[in-house]
Amino acid sequence: MPLTFAPSDQGILPDRMIAALAEQGGIRAARPFAADQIQPASLDLRLGAVAYRVRASFLPGPGTTVAQRIAELKLHEFSLATGAVLETGCVYIVPLIESLVLPSDIAAATNPKSSTGRLDVFTRVIADETRGFDRITGGYHGPLYAEISPKTFPVLVREGSRLSQLRLRRGNAALSGEELRALHGRERLVDRAEAVMGDGIAVSIDLAGPARKNNAGNDSVVVGYRAKRHTAVIEVERHAAYDVADFWEPIVARADRSLILDPDEFYILASTEAVQVPPDFAAEMVPFDPLVGEFRVHYAGFFDPGFGYAGAGGSGSRAVLEVRSREVPFIVEHGQIVGRLVYEKMLARPDQLYGSGIGSNYQAQGLKLSKHFH
């Protein structure tokens with residue numbers, strides 16, 4: 001069935017429209033899609049058969065292809081057909097199996113998948129002749145590439161591994177501040193009344209957390225995890241295969257409910273708010289304000305329709321925050337606003353919602369590491 005729109009149609013393409021766009025040649029793939037590759041409001045992108053280690057990250061810029069820049073900057077190339085380890089501190093470029101032949105009125109954006117961000121694997125998508133990462137203009141015809149740089153854990157990937165996801169939109173899908181306040185009034189997007197800040201929902205950091213008992217019987221409250229250094233390799237396609245204690249140190253709440261972020265360390269924390277994304281909307285985590293501190297609070301920012309939504313098996317889900325301080329130690333406190341959720345309209349309700357029988361890993365989550373750990 002051809003994909004057609006009225007001139008006024010604006011929003012994020014849902015699963016069936018992504019499939020229709022692929023069928024009419026707007027998304028091309030060197031091999032057929034996997035059964036679960038199309039998500040409610042996004043498409044998982046797969047690594048191709050070869051990887052290139054390059055001297056430095058780059059953007060091609062106008063008039064230059066990514067392949068031309070790889071030829072100038074590559075140190076060596078290797079096959080991913082049987083799997084290969086990507087080392088920390090290195091930059092790799094991998095051509096993706098998927099390429100695009102977009103109509104002029106459909107643009108794309110990409111983001112790391114949740115599990116990629118929670119492993120501290122810095123991943124961005126590059127297209128030919130672009131000036132920016134992770135944004136692809138309407139009408140783009142060409143290949144896609146993943147830039148991959150593991151920061152903490154070495155990872156094993158192979159041809160077909162999925163580290164990134166692509167979202168397609170027509171027109172301006174973002175809700176205005178007024179529209180967002182109205183939606184929050186109807187749906188209670190987070191579990192506090194005064195949450196809307198401008199055109200986004202404020203997200204704050206939880207350093208109080210749920211009470212737990214340790215083996216000695218004393219109260220302890222785990223509010224996050226700090227990644228260990230010099231660990232074993234993590235195979236990105238293995239689920240529940242690794243012991244948490246081998247890779248992470250738990251962070252216990254302090255009496256003053258604060259945490260000092262050390263430079264070059266990676267933390268997994270959670271939002272104070274329980275978030276939900278109604279079925280006719282999608283959301284993305286974006287920085288609150290780059291001037292509030294020298295730290296990064298999100299790698300993987302897409303929230304699909306149905307995330308945390310009661311009708312899809314949730315009751316509000318915490319947003320997991322992937323936190324890294326930049327140049328100096330920086331103190332954060334419980335309830336400090338560190339990001340915001342921007343909501344966008346869907347062009348139509350997806351056939352399947354996040355968490356509703358499609359094997360979603362993070363529905364109804366609290367503080368949670370990636371699916372690789374048990």
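This section describes the nonpolar cores, a helix, several strands and selected single residues of a predicted model.

The largest nonpolar core comprises 54 residues, and Leu168 and Trp248 have the most contacts inside it. Helix H1, spanning residues 15-23, gives the most to this core, with five residues. A second, separate core has 34 residues, among them Leu261, Leu269, Val332 and Val338. Such groupings follow a general pattern: in soluble globular proteins, nonpolar side chains tend to be buried together. The surroundings of Trp248 include both aromatic and charged residues. When residues up to four places away in sequence are not counted, Trp248 touches Phe153, Tyr225, Phe266 and Phe373, as well as Arg118, Arg226 and Lys228; Ala227, Ile268 and Leu369 are also among the residues touched.

Helix H4 covers residues 177-187, and its buried residues are Gly177, Leu180, Leu183 and His184. These residues lie on the same side of H4, because they cover an arc of only 120° around the axis. The face turned away from this buried side carries the exposed residues Glu178, Gly185 and Arg186. The cover over the buried residues of H4 includes four strands: S14 (196-197), S15 (200-204), S23 (281-287) and S28 (337-345). After the helix comes Arg188, which has a positive phi, near 50°.

Strand S27, formed by residues 330-333, shows an alternation of side chains. Phe330 and Val332 point to one face and are buried, whereas Ile331 and Glu333 point to the other face and are not buried. This agrees with a general rule, by which side chains in a regular strand alternate between the two faces of the sheet. Strand S27 pairs with strand S21 (residues 258-261) in the antiparallel sense, over four bridges. Within this pairing, Leu259 has Val332 of S27 as its bridge partner. Val332 is also a member of the second core.

A further group of strands forms an open sheet of three strands, in the order S6-S12-S19 and with mixed pairing. Strands S6 (84-86) and S19 (234-235) stand at the edges; each has a single partner strand, so one side of each is left without a neighbour in the sheet. Strand S12, residues 155-157, pairs with S19 in the parallel sense over two bridges. In this pair, Leu156 has Glu235 of S19 as its bridge partner.

Loops on either side of S19 each contain a residue with a positive phi. His230 lies in the loop between strand S18 (222-227) and S19. Its phi is about 60°, a positive value, although His230 is not a glycine. With a relative accessibility of 81%, His230 counts as exposed. Ala240 is placed in the loop between S19 and strand S20 (248-252). Ala240 is likewise not a glycine, yet has a positive phi of about 50°. In contrast to the exposed His230, Ala240 counts as partly exposed, at 47% relative accessibility.

A charged residue in a buried setting is found in strand S3 (residues 43-46), which contains Asp44. Asp44 has a relative accessible area of 2% and is therefore buried, since the cut-off for that class is under 20%. The side chain of Asp44 makes a polar contact with the side chain of Arg162, at 3.1 Å. Beyond its neighbours within four places in sequence, Asp44 is in contact with several residues, including Asp36, Glu98, Lys113, Arg162 and Ser164. Three glutamine or aspartate positions complete the description of these surroundings: Gln37, Gln39 and Gln165 are also in contact with Asp44.

Key. Residues numbered from 1 in each chain as written. Predicted model: local features only at pLDDT ≥ 70, side-chain atom pairs only at ≥ 80, totals over all residues. Heavy atoms only, no water. Buried < 20%, exposed > 50% of the residue type's maximum accessible area, 1.4 Å probe, protein only. Arc of directions from axis to C-beta. Contact = heavy atoms within 4.5 Å. Pairing = 2+ DSSP bridges. Polar contact = N/O pair within 3.5 Å; in protein donor to acceptor, adjacent residues only side chain to side chain. Core = buried A, V, L, I, M, F, W, Y, C linked by side-chain atoms within 4.5 Å.
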